[in-house]
Amino acid sequence: MNMTVKAWLVAGTFVGASALGVFAHAGATGIVKERMDDMTSMAQSVKSISDMFRAGAYDAAIIITGAQNMQAHAGQRLIGLFPEGSNSAASKAKDAIWSDWHAFSALANELSLLSIALDGVASQPATENSSADNGMGTSSSDMGMGASVNVTDPAALAQMSAEQVFGLATKTCSTCHTQFRVEK
Ligand code: HEC
């Protein structure tokens, strides 16, 4: 497990996103390729932050770098990479993106907001002193819409630990993928 993670990181760091991209999305060109590269870059940030948490050696710089990279690829930037109907054969984008554009763009903006919040809380002491237990929410109801309430409130996010905000951010990635990305 650890070796796999390390190999991934090494590939990401030294080979670079574009080389990984060639491996990951054969046949993609133009804007589809561009957004896949963006997504891959965000995935690298997520990977380095989660590896850091897993290693138990808190490092604000890793969080800040990753959060800023995610923010650069979220929001309007992400939205602009999904012009209507841009799901060619190589793409895994669902038609639902354009029939449910409001929900799609809301998730892109939510990721932007969470990345900004993550950047902001990174330098706070990494104490696990909040009422919630380390993950998101304390009850099963929080796994659904409950967590999204905090997402829209920067003041509430500012009270959370970096790990909690990071958890919400990665949850936004998977929520969007579940709704708007097909498994081909
Ligand atoms: C607003 C929706 C949305 C959000 C938020 C989002 N993604 Fe994606 N992601 C997509 C869609 C749609 C695709 C498929 C794009 C395509 O194939 O054209 C995708 C594809 C990907 C891919 C595959 C890229 C490839 O090489 O084919 C990765 C990796 C990925 N996303 C990671 C992330 C990570 C990490 C985050 C959060 C930090 C994230 N995504 C946030 C919608 C989203």
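The chain contains 10 helices and 0 strands, where helices (H or I, at least four residues) and strands (E, at least two) are DSSP runs numbered from the N terminus. The model is predicted: local features need pLDDT of at least 70, side-chain atom pairs count only at pLDDT 80 or more, and totals for chains, interfaces and linings use all residues. Residues are numbered from 1 along each chain as its sequence is written.

**Exercise 1. Describe the chain as a whole.**

Solution.

Step 1. Read the elements in order: from the N terminus on they run α-α-α-α-α-α-α-α-α-α.

Step 2. Take the burial. A residue is buried if 20 or more other C-beta atoms lie within 10 Å of its own, exposed if 12 or fewer, and partly exposed in between, with C-beta atoms placed from the backbone. Of the 184 residues of the chain, 28% count as buried.

Step 3. Take the contacts. Two residues are in contact if their C-beta atoms, placed from the backbone, lie within 7 Å. Of the contacts with a separation of 6 or more, 74% are between residues 24 or more positions apart.

**Exercise 2. Work out how α4 packs on α7, and which residues meet there.**

Solution.

Step 1. Two packed helices are described by the angle between their axes and the distance between the axes. Axes are lines fitted to C-alpha atoms, for helices over the stretch in contact, and angles run from 0 to 180 degrees between N-to-C directions.

Step 2. For α4 (residues 60-73) and α7 (residues 101-121), the axes come within 8 Å and cross at roughly 160°. α4 is therefore roughly antiparallel to α7; angles under 35 degrees count as roughly parallel, over 145 as roughly antiparallel, 65 to 115 as roughly perpendicular and the rest as oblique.

Step 3. The crossing of α4 past α7 is left-handed. That term applies if the near helix is turned anticlockwise from the far one by less than a right angle, and right-handed if clockwise.

Step 4. On the α4 side the contact holds Ile 63, Ile 64, Ala 67, Gln 68, Met 70 and Gln 71; on the α7 side it holds Leu 111, Ser 112, Ser 115, Ile 116, Leu 118 and Asp 119.

Step 5. By class, these residues are 7 nonpolar, 4 polar and 1 charged. Ala, Val, Leu, Ile, Met, Phe, Trp, Tyr, Cys and Pro count as nonpolar, Asp, Glu, Lys and Arg as charged, and the others, Gly among them, as polar.

**Exercise 3. Repeat the analysis for α7 with α10, then place Leu 168.**

Solution.

Step 1. The axes of α7 and α10 are 9 Å apart, at an angle of about 165°. The two helices are therefore roughly antiparallel to each other.

Step 2. α7 passes α10 in a left-handed crossing.

Step 3. The α7 residues in this contact include Phe 104, Leu 107, Glu 110 and Leu 114, and those of α10 include Val 165, Phe 166, Leu 168 and Thr 172. The contact divides into 15 nonpolar, 4 polar and 1 charged residues.

Step 4. Leu 168, in helix α10, is buried because 22 other C-beta atoms lie within 10 Å. Leu 168 is 17 residues from Val 151 in sequence, and their C-alpha atoms are 7.5 Å apart.

**Exercise 4. Characterise α3 through its packing on α4 and through Glu 34 and Arg 35.**

Solution.

Step 1. The axes of α3 and α4 come within 9 Å and cross at roughly 160°, so α3 and α4 are roughly antiparallel to each other. The crossing is left-handed.

Step 2. Among the residues that meet are Asp 38, Ser 41 and Met 42 in α3, and Asn 69, Met 70 and His 73 in α4. The classes are 6 nonpolar, 6 polar and 1 charged.

Step 3. Glu 34 lies in α3 and is partly exposed because it has 14 C-beta neighbours inside 10 Å. Its C-alpha atom is 7.6 Å from that of Leu 81, 47 residues away along the chain.

Step 4. Arg 35, also in helix α3, is buried because it has 21 C-beta neighbours inside 10 Å. Not counting residues up to four places away in sequence, Arg 35 touches Leu 81 and Phe 82. The C-alpha atoms of Arg 35 and Phe 82 are separated by 8.0 Å.

**Exercise 5. Describe the shell around the ligand.**

Solution.

Step 1. There are 26 residues around the ligand, and Met 39, Ser 91, Lys 92, Cys 173 and Cys 176 come nearest. A residue is near a molecule if its C-beta atom, placed from the backbone, lies within 6 Å of it.

Step 2. α3 (30-55), α7 and α10 (162-180) each give two or more residues to the shell. The largest share, 8 residues, comes from α3.

Step 3. The shell comprises 18 nonpolar, 5 polar and 3 charged residues.
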